[in-house]
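Hi,

Here is the model I said I would pass on. Could you open it and keep it on screen while you read the rest of this?

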Amino acid sequence: QVQLVESGGGLVQAGGSLTLSCAVSKSGFTVEALGWYRQVPGNQRELVAKVSSSSTQTYALSPEGRFSVSRDNAKGTVNLHMNNLKPEDTAVYYCNAEARRYGRTDIHHYWGQGTQVTVSS
């Protein structure tokens, strides 16, 4: 099974920085991509950033270069570094893995439990 455990959320003032971390357990699976999504009440969950197994990074249009994603395959972690945070970045942030079982080609999404990020103005 694929298990994702997030940490690092919290309350921060506008203009501040925060780093979210996600520990990945993937016994029997190949992880094709790791990333972060966020969701505010009433809205759909949206991609923030992800990084593939070949280190290709993908970012959403927002948050406009203020965030960066890093992946450490040896440690089994993926981090989201967030700078110059704005109140509109307030959301629950979810770690995501796109993974397939060994010997299979179908890829599925796996999610962490989510961590709250609140940015005060």
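Below is what I found in it, going from the core to the charged pairs and then to a few odd backbone spots. Keep in mind that this is a predicted model.

**The core**

The largest nonpolar core has 28 residues, and the members that touch the most others are Leu4, Trp36, Val78, Leu80, Met82 and Tyr93. Many strands feed into this core: strand 1 (2–7), strand 3 (18–26), strand 4 (29–39), strand 5 (46–52), strand 7 (67–72), strand 8 (77–82), strand 9 and strand 11 (115–120) each give at least two residues. Strand 9 supplies the largest share, with five residues.

If you want one residue to click on here, try Met82. Leaving out residues up to four places away in sequence, Met82 touches Gly16, Ser17, Leu18, Leu20, Arg66, Phe67, Tyr93 and Val117.

**Glu6, a buried acid**

Glu6 sits in strand 1. This residue is buried but has no salt bridge, and Arg45, the nearest side chain of opposite charge, is 7.5 Å away. So what does lie by the polar atoms of the Glu6 side chain? Two backbone nitrogens do: that of Cys95 is 2.7 Å from a polar atom of the side chain, and that of Gly114 is 2.8 Å from one. Both of those residues also turn up in the contact list of Glu6, which runs to Ser21, Cys22, Trp36, Tyr93, Tyr94, Cys95, Gly112, Gln113, Gly114 and Thr115 once residues up to four places away in sequence are set aside.

**Salt bridges**

There are six salt bridges in the model. As a reminder, side chains of opposite charge can pair when their charged atoms come close. Here are three of the pairs.

- Glu98 and Lys50: their side chains meet at 3.0 Å, N to O. The pair links distant parts of the chain, with Glu98 in strand 9 and Lys50 in strand 5, 48 residues apart. Glu98 is buried, at 14% relative accessible area, while Lys50 is partly exposed at 23%.
- Asp89 and Arg66: the closest N and O atoms are 2.8 Å apart. Asp89 is in the loop between strand 8 and strand 9, and Arg66 is in the loop between strand 6 (57–59) and strand 7, so this pair ties together parts that are 23 residues apart in sequence. Asp89 is buried with a relative accessible area of 0%, and Arg66 is buried too, at 9%.
- Arg104 and Asp106: these side chains meet at 3.1 Å, N to O. Arg104 is partly exposed, at 44% relative accessible area, and Asp106 is partly exposed at 28%.

Asp89 and Arg66 also belong to a network of salt bridges that takes in Arg38 and Glu46.

**The strand 9 and strand 10 hairpin**

Strand 9 (residues 91–101) pairs with strand 10 (residues 108–111) in the antiparallel sense, over four bridges. To find the register, look for Ala97, which stands opposite Tyr110 in strand 10. The hairpin has six residues between the strands, and Gly103 there takes a positive phi near 85°.

**Two more positive phi values**

Most residues other than glycine have a negative phi. Which residues other than glycine have a positive value here? Ser55 is one of them, with phi near 75°, and Asn84 is another, with phi near 50°. Ser55 is in the loop between strand 5 and strand 6, and Asn84 is in the loop between strand 8 and strand 9. Is Ser55 buried or exposed? Ser55 counts as exposed because its relative accessible area is 55%, over the 50% cut-off. Asn84, at 43%, is partly exposed.

**Gly10**

Last stop: Gly10, in strand 2 (residues 10–13). How far apart are Gly10 and Val117 in sequence and in space? They are 107 residues apart in sequence, but their C-alpha atoms are 5.0 Å apart. Not counting neighbours within four places in sequence, Gly10 is in contact with Leu18, Gln116, Val117 and Thr118. Gly10 itself is partly exposed, with a relative accessible area of 27%.

Happy to talk it through once you have had a look.

Cheers

Key
Residues are numbered from 1 along each chain as its sequence is written. This is a predicted model: local features need pLDDT of at least 70, side-chain atom pairs count only at pLDDT 80 or more; totals for chains, interfaces and linings use all residues. Side-chain values use heavy atoms; hydrogens and water are left out. Two strands pair if DSSP finds at least two bridges between them. A nonpolar core is a set of buried Ala, Val, Leu, Ile, Met, Phe, Trp, Tyr and Cys residues joined through side-chain atoms within 4.5 Å. Buried means under 20% relative accessible area, exposed over 50%, partly exposed in between (1.4 Å probe, protein chains only). Contact means heavy atoms within 4.5 Å. Lys and Arg count as positive and Asp and Glu as negative; His and the chain ends are not counted. A salt bridge is a side-chain nitrogen of Lys or Arg within 4 Å of a carboxyl oxygen of Asp or Glu. A polar contact is a pair of N or O atoms within 3.5 Å; within protein, one must be able to donate a hydrogen and the other to accept it, and residues adjacent in sequence count only if both atoms are side-chain atoms.
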